[in-house]
Amino acid sequence: MARRQIKIRAMGSYLPVRVVRSEELDAKLGLTPGKLEQMTAVRERRYVSGEETASKMGALAAMEALEKAGLRYEDIDAIICGSGTYQQPIPCTAALIQKELGKEESGTPCFDVNSTCLSFVVGLDVVSSLIQTERFKRVLLISTEVASVGLPWHQLEACALFGDGAVAAVIEKTPENETSQILGAHQITYSSGSDTCQILGGGTGIHSRNHAVCEEDKRFLFSMDGRRVFKQASQHLPKFMEDMQKATGVALQDYRMVVPHQASGSAMALMRRKLEIEEDRWMDIIATRGNMIAASIPLALKTAIDEKRVRRGDRVLMMGTSAGFSIGAIAIEY
């Protein structure tokens, strides 16, 4: 694919106030202290409480991104929400974020992109194409996730992995005197694994109108078969990485930082070793954030930027897996 002269100008984030340590969940589930952290490598994560919602978190992250970019809302041509969860089925979360920003009469177009955990990666690919073709000049891309409401407490590893939070990025055309760009993107989907990560209820297939919904109804909770996900990922990853290198012209060792989806501690460690990536080039924030679905990758990128582990001109590879089953990646020169 042709490289796109697109720049991530600034990023913002919002994390819920409530910190939930793994010892708290151990006690909740009657486990030996330290059990869940040992299983998942997650020491703590954030859960929403009070009036914190996906749209409010997204709006707060967007406000920080705009402030860091030195821009106003009026400088934005579109709001795109790339998330795996939604606040409500209709309307799109992007529209609810616009309303939370107090700009409900602005007319700024809003829509969602959902590729579950890869939603920010896919959203950036979509946004970069729209800006490259001059459909939009500047876009707010937001991933905001509330995983805590649908956790399967009967599945120990899955229930302990997830956290809530939001990340926003201001995406725009790269000025002529700068080098920021999209180097390439690639995605594959094998729907033979569509049942490995899923929530069966809540859509038209199993609608709550036709079913008595209770807290214990597992059809309305997240379900994951981690072993099958990892097995499928391992099977397709070598060919995927070959194709990604062809799409970008960049070898894996030439990236300053690899930012993986924060799927689980064990999966990330195995993937890093399989790809032979040094620890200092592997962005891992799972211990204090957990798996934040689509917000994981952009939050890890923002953290790397804030910690100056990624600077302007550095090459960065964002990659991961998602329900579907999909593997996806996007490479940038930041």
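Here is a friendly conversation about a predicted protein model and the reasons behind some of the words used for it.

User: Hello! What makes up this protein in terms of helices and strands?

Analyst: Welcome! This is a predicted model, and the protein has 10 helices and 13 strands. Along its principal axes, the C-alpha trace spans about 60 × 50 × 35 Å.

User: How do you know whether the radius of gyration agrees or disagrees with that of a compact globule?

Analyst: We set one value against the other. For 334 residues, a compact globule would have a radius of gyration near 20 Å, and the protein has 19 Å, so the two agree. In addition, 54% of the 334 residues count as buried. As for contacts between residues at least 6 apart in sequence, 77% of them join residues at least 24 apart.

User: Why is strand 6 called largely enclosed?

Analyst: A residue is buried when its relative accessible area is under 20%. In strand 6, residues 138–145, 8 of the 8 residues are buried, so the strand is largely enclosed by the rest of the structure. Both faces share in this: Arg138, Leu140, Ile142 and Thr144 point one way, Val139, Leu141, Ser143 and Glu145 point the other way, and all are buried.

User: What makes strand 6 a partner of strand 4 and of strand 7?

Analyst: Two strands count as paired if there are at least two bridges between them. Strand 4 (residues 78–82) is joined to strand 6 by 4 bridges, so by that cut-off they pair, and they run parallel. Alanine 78, for example, has valine 139 of strand 6 as its bridge partner. With strand 7 (residues 165–173), strand 6 has 8 bridges, so that pair passes the cut-off too, in the antiparallel sense. Here arginine 138 stands opposite glutamate 172, and glutamate 145 stands opposite glycine 165.

User: What order do the strands of this sheet have, and which ones are the edge strands?

Analyst: The sheet is open, with 5 strands in the order 1-7-6-4-5 and mixed pairing. Strand 1 (6–14) and strand 5 (110–113) are the edge strands, each pairing on one side only. From one strand to the next, the twist averages 20 degrees. Helix 3 (residues 54–69) packs on this sheet, where it touches strand 1, strand 6 and strand 7. The direction of helix 3 makes about 130 degrees with that of strand 1.

User: Why is glutamate 134 called exposed?

Analyst: Exposed means over 50% relative accessible area. Glutamate 134 has 68%, so it counts as exposed. Glutamate 134 sits in the loop between helix 5 and strand 6. Its phi is near 65 degrees, a positive value in a residue other than glycine.

User: Where is threonine 116, and what is its phi?

Analyst: Threonine 116 lies in the loop between strand 5 and helix 5 (119–132). Its phi is positive, about 45 degrees, although threonine 116 is not a glycine.

User: How do you know which kind of peptide bond leads from isoleucine 90 to proline 91?

Analyst: Omega gives the clue: it is near 0 degrees, and the bond is cis. Proline 91 is placed in the loop between strand 4 and helix 4 (93–100).

User: What makes glutamate 64 and lysine 302 a salt bridge?

Analyst: The cut-off is 4 Å between a side-chain nitrogen of Lys or Arg and a carboxyl oxygen of Asp or Glu. In this pair the closest N and O atoms are 3.8 Å apart, so it qualifies. The pair links distant parts of the chain: glutamate 64 is in helix 3 and lysine 302 in helix 10 (residues 296–306), 238 residues apart. Salt bridges that share partners join Glu64, Lys68, Lys302 and Asp306 into one network.

User: Are those two residues buried, partly exposed or exposed, and why?

Analyst: Lysine 302 has 7% relative accessibility, which is under 20%, so it counts as buried. Glutamate 64, with 24%, falls between 20% and 50%, so it is partly exposed.

User: How many salt bridges does the structure hold?

Analyst: The structure holds 15 salt bridges. Among them is the one between lysine 56 and glutamate 51, with the closest N and O atoms 3.6 Å apart. Lysine 56 is partly exposed at 28%, whereas glutamate 51 is exposed at 62%.

How values were computed
Residues are numbered from 1 along each chain as its sequence is written. This is a predicted model: local features need pLDDT of at least 70, side-chain atom pairs count only at pLDDT 80 or more; totals for chains, interfaces and linings use all residues. Side-chain values use heavy atoms; hydrogens and water are left out. Buried means under 20% relative accessible area, exposed over 50%, partly exposed in between (1.4 Å probe, protein chains only). Helices (H or I, at least four residues) and strands (E, at least two) are DSSP runs, numbered from the N terminus. Axes are lines fitted to C-alpha atoms, for helices over the stretch in contact, and angles run from 0 to 180 degrees between N-to-C directions. Contact means heavy atoms within 4.5 Å. The radius of gyration is taken over C-alpha atoms; the globule rule is 2.2 Å times the number of residues to the power 0.38.
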